[in-house]
Amino acid sequence: MDAQYPDPLTAEERREMIGPVTLPGGLTVDEIIEAVESYDESIGFCMKCGQEHYCVEPDGRGLVCEVCGSASVYGAEEILIMVG
Ligand SMILES: [Zn+2]
């Protein structure tokens with residue numbers, strides 16, 4: 001079974017349609033920016049539980065978080081776009 005559920009919307013489309021997203025508790029924009037700047041690490045975050053994930057493509061969208069089981073893991077760059 002495919003564990004990935006690709007988000008059909010791009011980050012820009014999502015922001016236009018539903019507005020800027022709210023970061024989950026404990027996650028700050030500064031942390032996202034730090035993650036974007038650490039190119040080698042490929043860091044993403046779960047937008048549901050805030051868990052940090054490694055080896056996430058910068059434009060990764062809707063990947064499954066093994067912590068909370070939600071398809072809410074996004075690459076740091078995507079999240080920056082989404083929070084507007
Ligand atoms: Zn999660």
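User: Why does C65 count as buried?

Analyst: In this predicted model, C65 has a relative accessibility of 0%. Buried means under 20% relative accessible area, so C65 meets the criterion.

User: What makes C68 partly exposed?

Analyst: The relative accessible area of C68 is 35%. Partly exposed covers the range between under 20%, which is buried, and over 50%, which is exposed; the value for C68 therefore falls in that range. C46, by contrast, is buried, with a relative accessible area of 0%.

User: How do you know which residues coordinate the zinc ion?

Analyst: The SG atoms of C46, C49, C65 and C68 coordinate the zinc ion at 2.3 Å. Donors are N, O and S atoms within 2.8 Å of the metal, so these sulfur atoms qualify. The donor residues follow the spacing C-x2-C-x15-C-x2-C in sequence. C46 belongs to strand β1 (residues 44–46), while C68 sits in the loop between β2 (52–53) and β3 (73–75); the pair therefore ties together parts that are 22 residues apart in sequence.

User: Why is the site of the zinc ion called tetrahedral?

Analyst: The angles among its 4 donor atoms run from 104 to 115°. Four donors count as tetrahedral if all angles lie between 85 and 135 degrees, and the site therefore satisfies the condition.

User: How many disulfides does a search of the whole structure find, and what would make a pair of cysteines count as one?

Analyst: The search finds 0 disulfides. To count, a pair of cysteine sulfur atoms must lie within 2.5 Å.

User: What makes β1 and β2 a pair?

Analyst: β1 and β2 are joined over 2 bridges in the antiparallel sense. Pairing requires at least two bridges between the strands, so the requirement is met. G44 stands opposite H53 in β2. The open sheet has 3 strands in the order β2-β1-β3, with antiparallel pairing.

User: Why are β2 and β3 called edge strands?

Analyst: Each of them pairs on one side only. Helix α3 (residues 76–83) lies across β1 and β3 and runs at about 95° to β3.

User: Where is S42 placed, and is S42 buried or partly exposed?

Analyst: S42 is in the loop between α2 (29–37) and β1. Its relative accessible area is 22%; since buried means under 20%, S42 counts as partly exposed. Leaving aside residues up to four places away in sequence, S42 touches H53, Y54, C55 and V56. Between S42 and E78 there are 12 Å in space, C-alpha to C-alpha, and the two are 36 residues apart in sequence.

Definitions and conventions:
Residues are numbered from 1 along each chain as its sequence is written. This is a predicted model: local features need pLDDT of at least 70, side-chain atom pairs count only at pLDDT 80 or more; totals for chains, interfaces and linings use all residues. Side-chain values use heavy atoms; hydrogens and water are left out. Donors are N, O and S atoms within 2.8 Å of the metal (3.2 Å for Na, K and Ca); water is not among the atoms, so sites may look incomplete. Four donors count as tetrahedral if all angles lie between 85 and 135 degrees; four count as square planar and six as octahedral if opposite donors are over 155 degrees apart and all others between 65 and 115; anything else is irregular. Helices (H or I, at least four residues) and strands (E, at least two) are DSSP runs, numbered from the N terminus. Buried means under 20% relative accessible area, exposed over 50%, partly exposed in between (1.4 Å probe, protein chains only). Contact means heavy atoms within 4.5 Å. Axes are lines fitted to C-alpha atoms, for helices over the stretch in contact, and angles run from 0 to 180 degrees between N-to-C directions.
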